Amino acid sequence: MDDSTKRLLQRLMRRIPTQMLKTTLEKWGRLTAAQQQSIDFTQAKWALTEKLLAICEENEWTAKHIAELEMTYVTENPNQGMWYAFQLMDPEDDAHSVELMQFKEQFKSHLGELVRHVSVKIKKHTDEAVWIRIAWGDSFTRPNHLKPTYVVHHLQTPFVFVTSLTSKQKPLLSQALVLSTRYHAIKDANLSGRKLTAIRDLLMRQYQQVFPTRYPSPLAEENQTVSNPRIEREQAGLAANRCQMACEAFGDGMLPQLQSAVYKLETKFRDHTNKIMTEREEPFRCVVKFTSTNLLESLRHCASSGIASTPVTPLLSSIPLKGRNYFVITDNGPGPSSQMHPSQN
């Protein structure tokens, strides 16, 4: 093993929690039964690292094998780092018939034409998602396995999720994706978060949606103290109406654990008491950010409990409706999404 491969394994061992190490190694599938049994998982992390380094040296494993171990861990624990969603645009007639082997061959081929030194590993996960690990190099340097890009794509859908991608690498990845999936362009979906499962479920509508009804069923509020039956019925009806509108806006049951929403304001300042700001020709700019461990759940609770007014403002209901958590508000309406077209050689 060379020094770069040792550093890759050492860094990976620091990332994997000790209690998950045994399961991760088993799923990796590279160790023999005897080698697996020879590892004492009750030892300190540094001792486990030295033991695994010795096994790797004995088997003459390379960075490719350690990258497989990293990919095994990341695919089973995807809610790490910042993930960004993209949407493929303008499909060709055969876009929905692209199969895994065809996609793998074409993606590696197209990316290899754009980048001289690049290492690509593609595998299909149990949830049918195609995972791609890319270690980038260039014309003069070998692929850097310490800073890989991860891409998740569900075949037969236009959605792509990416983490750890630089601005220099973005057009290269975009072109390889567009050509290998039979689309013509790819755009930013204006959706990001640290939980891949949350932004995936939100964008792909994998949560329980509620549709408007004229006859919502009355729901009793908890800890009611009013004893007048007429007032109780009136309050129960109001509570049921609030709950219905909150669920119509954000969904019912377990919601995707989105952690933030950002609104970038670029509008003319309007306040008759402040002539200096109102008479400015330049737009008033500010950024408003909502954060929570589960933002959609928090917003739904605010609406259903009466903390926030109902019906819910479109500024908030647009998060699940449009599958976005980044909005640019201008006097002419929401700003356009960035769109990337592949260059043709």
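## A tour of the fold and its cavities

Of the contacts in the protein with a separation of 6 or more, 70% are made by residues 24 or more positions apart. Keep in mind from the start that the model is a predicted one. With a secondary-structure cartoon switched on, the protein can be traced through 12 helices and 11 strands.

**Begin with the whole chain.** Show the full surface of the protein, which exposes about 19400 Å², and colour it by element, since carbon and sulfur atoms supply 51% of that area. If you then colour by burial instead, buried residues make up 41% of the 345 residues in the protein.

**Move to the interior.** How many cavities of 30 Å³ or more does the count give? The count comes to two, and each can be visited in turn by selecting residues of its lining.

For the largest cavity, select Ala95, Val98, His153, Leu155, Gln156, Thr157, Thr181 and Tyr183, which together line it. The volume enclosed there is about 50 Å³. If the selection is coloured by residue class, the lining of this largest cavity divides into four nonpolar residues, four polar residues and no charged ones.

The second largest cavity, to be visited next, has a volume of about 40 Å³. To centre the view on it, select Phe86, Val162, Leu173, Ser174 and Ile186, which are the closest to its centre among the 10 residues of the lining. Now display strand E5 (159–163) and helix H7 (170–181) as cartoon, these being the elements that give two or more residues to the lining of the second largest cavity. Which element provides the largest share of this lining? The answer is H7, with four residues. By residue class, the lining of the second largest cavity divides into eight nonpolar, one polar and one charged, whereas that of the largest cavity has four nonpolar, four polar and no charged residues.

**Finish with the cysteines.** Select Cys286 and Cys302 and show their side chains as sticks. Are these residues buried, partly exposed or exposed? Cys286 is partly exposed, with a relative accessible area of 28%, and Cys302 also counts as partly exposed, at 24% relative accessibility. Because buried means under 20% relative accessible area, neither Cys286, at 28%, nor Cys302, at 24%, falls in the buried class. A disulfide is a covalent bond between the sulfur atoms of two cysteines. A search for such bonds through the whole model ends with a count of zero disulfides in the structure.

Conventions: Residues are numbered from 1 along each chain as its sequence is written. This is a predicted model: local features need pLDDT of at least 70, side-chain atom pairs count only at pLDDT 80 or more; totals for chains, interfaces and linings use all residues. Side-chain values use heavy atoms; hydrogens and water are left out. Buried means under 20% relative accessible area, exposed over 50%, partly exposed in between (1.4 Å probe, protein chains only). Contact means heavy atoms within 4.5 Å. Accessible areas come from the Shrake-Rupley method with a 1.4 Å probe; for residues, only the protein chains shown count as cover. On a 1 Å grid over the protein atoms alone, a cavity is a set of points where a 1.4 Å probe fits but cannot get out, and a pocket is an open set with protein on both sides within 12 Å along at least five of seven lines; lining residues have an atom within 4 Å of a point. Grid points are joined across faces, edges and corners, and a volume is the space filled by probe spheres set on the points. Ala, Val, Leu, Ile, Met, Phe, Trp, Tyr, Cys and Pro count as nonpolar, Asp, Glu, Lys and Arg as charged, and the others, Gly among them, as polar. A disulfide is a pair of cysteine sulfur atoms within 2.5 Å.
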